[in-house]
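This briefing covers selected features of one protein chain. The topics are burial, helix packing, cysteines, sheet order and salt bridges.

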Amino acid sequence: MKIHRGLIFAVVEGLQHIFVRNRQADQVVEQLLKSNKKWGARDRSFIAENIYEIVRWWRLVKYVSQVEKAKEEADFVKLAGVWQLIKPLHLHSGEVIALPEWPEFGEINPEHVAVRYAEAMEIRKIGQSIPDWIDELGENELKKSWDKELKALNEQAQLILRVNTLKSNVTAVLELFGEDNAAPIENVPDAILLKKRQNINNTEAFKNGYIEVQDAGSQLIAPYLDIQPGLSVIDACAGAGGKSLHLAALLQNTGSILAMDIAGLKLNELKKRAERNGVTNLDTMTIQFDSDIEKLSETADRLLLDVPCSGLGVLRRNPDSKWKLKPEFLDQIRNVQWHILSTYSQMVKKGGKMVYATCSILPSESEDQVKRFMKTNRKEWELISQQRTSPAKDGFDGFYMALLQRKL
């Protein structure tokens with residue numbers, strides 16, 4: 001495979017935006033690919049894949065390259081070059097290549113690279129490319145299962161769709177994409193796995209509101225609320241509203257959904273998505289004060305609390321977040337989770353149900369919060385069930401969900 005100079009420098013530009021200017025990887029890649037209309041599909045694929053791969057394996061690539069802190073363009077060129085050498089070994093993909101004899105690659109010695117790579121793979125936190133503190137945290141909380149979960153979190157996430165049953169069904173969508181490219185997912189009724197990556201936003205199925213991109217693990221959360229037509233449902237941490245849309249489909253456009261969030265811009269995005277999905281039973285509300293919650297006391301048959309979290313269950317999709325996450329943020333977010341669980345729960349009617357959910361693999365953000373809640377509220381609440389998805393066992397993102405019922 002020939003390496004093209006222009007594509008390597010596009011990768012370098014993307015990495016500088018992510019690691020020097022602290023921008024989000026998905027936004028950087030999206031803007032970069034729009035910037036040059038001359039790039040063909042293979043060029044675009046090379047740029048996107050290499051940026052995401054180097055971000056995912058950042059610590060490993062830096063170790064092998066002997067670049068302690070990447071600041072200058074030359075540092076990033078070296079990192080991109082070293083990745084081309086170790087990628088076939090590390091991802092078991094293709095043949096080992098020879099780098100072009102460019103001046104920028106002059107310092108890269110393939111023999112040294114091979115030695116450093118072998119050393120790196122003997123040290124989990126370097127070989128699996130994770131910050132020290134997250135490696136320690138994962139081992140402390142997950143014990144023996146951390147090793148497998150960490151490896152699974154470094155795999156590329158599959159492209160999974162949720163069929164919007166307000167407008168279509170699984171059989172029809174499978175036909176649209178073709179059986180060579182799409183397959184249903186066992187035990188996740190509305191989920192479809194796409195075997196080949198593509199830009200879903202450009203498809204007729206997406207434009208017509210037949211599908212949304214949503215991981216299979218995430219698709220288990222809305223049904224966990226025990227939804228029946230006609231109920232009043234609040235999604236209190238709705239964000240851009242993927243689960244709100246799923247709830248609307250489960251309600252068959254009956255009853256009501258109130259999608260709430262502290263970020264009004266995200267709710268504006270949800271309104272557009274709801275219109276495309278043919279949702280007619282949804283309202284939005286920006287949360288400004290705790291008094292907004294108090295006014296809704298005992299008004300919901302069902303409450304979804306998909307709380308803010310570390311995101312350690314979705315590192316496959318957001319590999320840059322592991323480099324930006326800080327221990328103090330984790331402490332702060334646990335306090336936010338507790339505040340939401342302990343105060344927002346008052347919105348549930350007596351006899352109603354609530355799901356507390358996180359996209360974290362850590363018990364301290366999940367099971368432990370529910371245990372604490374039950375210890376404090378045992379007279380008023382009952383824990384019905386709890387469930388986890390495991391990147392290592394299921395191949396889905398790592399989600400936690402607990403179903404609780406308010407006693408009559």
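A residue is called buried when its relative accessible area is under 20%, exposed when it is over 50%, and partly exposed in between. The model is predicted. By that cut-off Ser65, at a relative accessible area of 2%, is buried. The structure holds 27 salt bridges and 0 disulfides, and an open sheet is formed by 4 strands.

**Ser65 and its surroundings**
- Ser65 belongs to helix α4, which covers residues 58–65.
- Leaving aside residues up to four places away in sequence, Ser65 touches Lys78, Leu79 and Val82.
- Of these contacts, Lys78 is itself buried, with a relative accessible area of 17%.

**Helix α1**
- Helix α1 spans residues 5–19, 15 residues in total.
- From first C-alpha to last, α1 reaches 21 Å, close to the 21 Å expected at 1.5 Å a residue.
- The buried residues of α1 include Leu7, Ile8, Val11, Val12, Leu15 and Ile18; Gln16 and His17 are also among them.
- The buried residues of α1 pack against helices α2 (25–34), α3 (41–56), α5 (73–90) and α15 (321–324).

**Cysteines**
- No disulfide is present in the structure.
- For Cys237, the closest cysteine sulfur is that of Cys309, and the two sulfurs are 11 Å apart, too far for a bond.
- Cys309 is likewise in no disulfide, its nearest cysteine sulfur being that of Cys359 at 3.2 Å.
- That pair is not counted because a disulfide requires sulfur atoms within 2.5 Å.
- Cys237 is buried at 14% relative accessibility, and Cys309 is buried at 12%.

**Sheet**
- The strand order of the open sheet is β2-β3-β1-β4, with antiparallel pairing.
- Strands β2 (182–184) and β4 (211–213) are at the edges; each has a single partner strand, so one side of each lacks a neighbour in the sheet.
- From one strand to the next, the twist averages 35 degrees.
- Strand β2 is joined to antiparallel β3 (residues 191–194) by 3 bridges.
- Pro184 stands opposite Ile192 of β3.

**Salt bridges**
- Asp132 pairs with Arg59, with the closest N and O atoms 2.7 Å apart.
- Asp132 lies in helix α8 (residues 132–142) and Arg59 in helix α4, so this pair ties together parts that are 73 residues apart in sequence.
- Both partners are partly exposed: Asp132 at 31% relative accessibility and Arg59 at 22%.
- Glu107 forms a salt bridge with Lys78, the closest N and O atoms being 3.8 Å apart.
- Because Glu107 sits in the loop between α5 and α6 (110–120) and Lys78 in helix α5, the pair ties together parts 29 residues apart in sequence.
- Glu107 is exposed, at a relative accessible area of 67%, whereas Lys78 is buried.
- Arg317 forms a salt bridge with Asp215, and the closest N and O atoms are 2.8 Å apart.
- Arg317 is in the loop between β8 (300–306) and α15, and Asp215 is in the loop between β4 and β5 (232–235), so the bridge ties together parts 102 residues apart in sequence.
- Arg317 is partly exposed at 30% relative accessibility, whereas Asp215 is buried, with a relative accessible area of 6%.
- Arg124, Asp135, Glu139, Asp147 and Lys151 are joined into one network by salt bridges that share partners.

Key:
Residues are numbered from 1 along each chain as its sequence is written. This is a predicted model: local features need pLDDT of at least 70, side-chain atom pairs count only at pLDDT 80 or more; totals for chains, interfaces and linings use all residues. Side-chain values use heavy atoms; hydrogens and water are left out. Helices (H or I, at least four residues) and strands (E, at least two) are DSSP runs, numbered from the N terminus. Buried means under 20% relative accessible area, exposed over 50%, partly exposed in between (1.4 Å probe, protein chains only). Contact means heavy atoms within 4.5 Å. The expected span of a helix is 1.5 Å times one less than its number of residues. Two strands pair if DSSP finds at least two bridges between them. Axes are lines fitted to C-alpha atoms, for helices over the stretch in contact, and angles run from 0 to 180 degrees between N-to-C directions. A salt bridge is a side-chain nitrogen of Lys or Arg within 4 Å of a carboxyl oxygen of Asp or Glu.
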